[in-house]
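Subject: Structure handover

Hi,

Here is the structure for you to look through. My notes follow below it.

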Amino acid sequence: LLDVLMGLFNPTEGSILVDGVKINNQNKQSWQRAISHVPQSVFLFNSPIDENIAFGISGENIDKKQLFQASKKAQLDELIDSWPNKYKTNIGEKGINISGGQQQRIGIARALYNNSQVLVFDEATSALDNKTEKNVINAIEQDDDKKTVFMIAHRLTTLKNCNKILELKILDKTKDASL
């Protein structure tokens, strides 16, 4: 469903409307540029943390103010400040030098650094403890530049502040066939 929403697949029926405008081949790229996707397993590369957050932007071109704000909202700032090399700390290939929760917070900081209007969190906080998750969600909610957040989560506490909650269930067609 989120792949269709993000324009990665075309709907087999119906269409996706954003603010009353149908997403089509002419405006799909514009729509996709408005989205930041944070998967459960974040893609990280063997570079300093600042370059992992500002994905695709070289060190000298990174907006430091944006980097620090995104890190703070993602609850990374104190951790990074405790490291000897701070934002120049190399996290290793696939983030091997940091924990799963730290990897997820880098993914969240990356989405916030991009300042996208639409955030898609696909189990993006599953490795975070409850307090850190709450602080991250609160920081996003307090953002002056309001964002639309789509969140997939198995923990109901993750969804407690959502405006709308949809529960999707997969039907077992073998059972349905006998009805």
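Start with the sheet. This is a predicted model, and in it three strands form an open sheet in the order β3-β4-β5, with parallel pairing. Two of them are edge strands, β3 (35–38) and β5 (148–152). Each of these pairs on one side only. On average, neighbouring strands in the sheet are turned by 10° against each other, direction ignored.

Strand β4 covers residues 118–122. Its parallel pairing with β5 runs over 5 bridges. Look for Phe121, which sits opposite Met151 in β5.

Helix α6 (residues 100–113) packs on this sheet. It touches β3 and β4. The direction of α6 makes about 180° with that of β3.

Now helix α7, residues 130–141. It has 12 residues. From first C-alpha to last, α7 reaches 16 Å, close to the 16 Å expected at 1.5 Å a residue.

Which residues of α7 are buried? They are Thr132, Glu133, Val136, Ile137, Ala139 and Ile140. These residues lie on the same side of α7, because they cover an arc of only 160° around the axis. The general rule helps here: an α-helix has 3.6 residues a turn, so residues three or four places apart point the same way.

What do the buried residues of α7 pack against? Their partners are α4 (64–73), α6, β4 and β5. The face turned away from the buried side of α7 carries the exposed residues Asn130 and Lys131.

Best wishes

Key: Residues are numbered from 1 along each chain as its sequence is written. This is a predicted model: local features need pLDDT of at least 70, side-chain atom pairs count only at pLDDT 80 or more; totals for chains, interfaces and linings use all residues. Side-chain values use heavy atoms; hydrogens and water are left out. Two strands pair if DSSP finds at least two bridges between them. Helices (H or I, at least four residues) and strands (E, at least two) are DSSP runs, numbered from the N terminus. Axes are lines fitted to C-alpha atoms, for helices over the stretch in contact, and angles run from 0 to 180 degrees between N-to-C directions. Contact means heavy atoms within 4.5 Å. The expected span of a helix is 1.5 Å times one less than its number of residues. Buried means under 20% relative accessible area, exposed over 50%, partly exposed in between (1.4 Å probe, protein chains only). The arc is that of the directions from the helix axis to the C-beta atoms.
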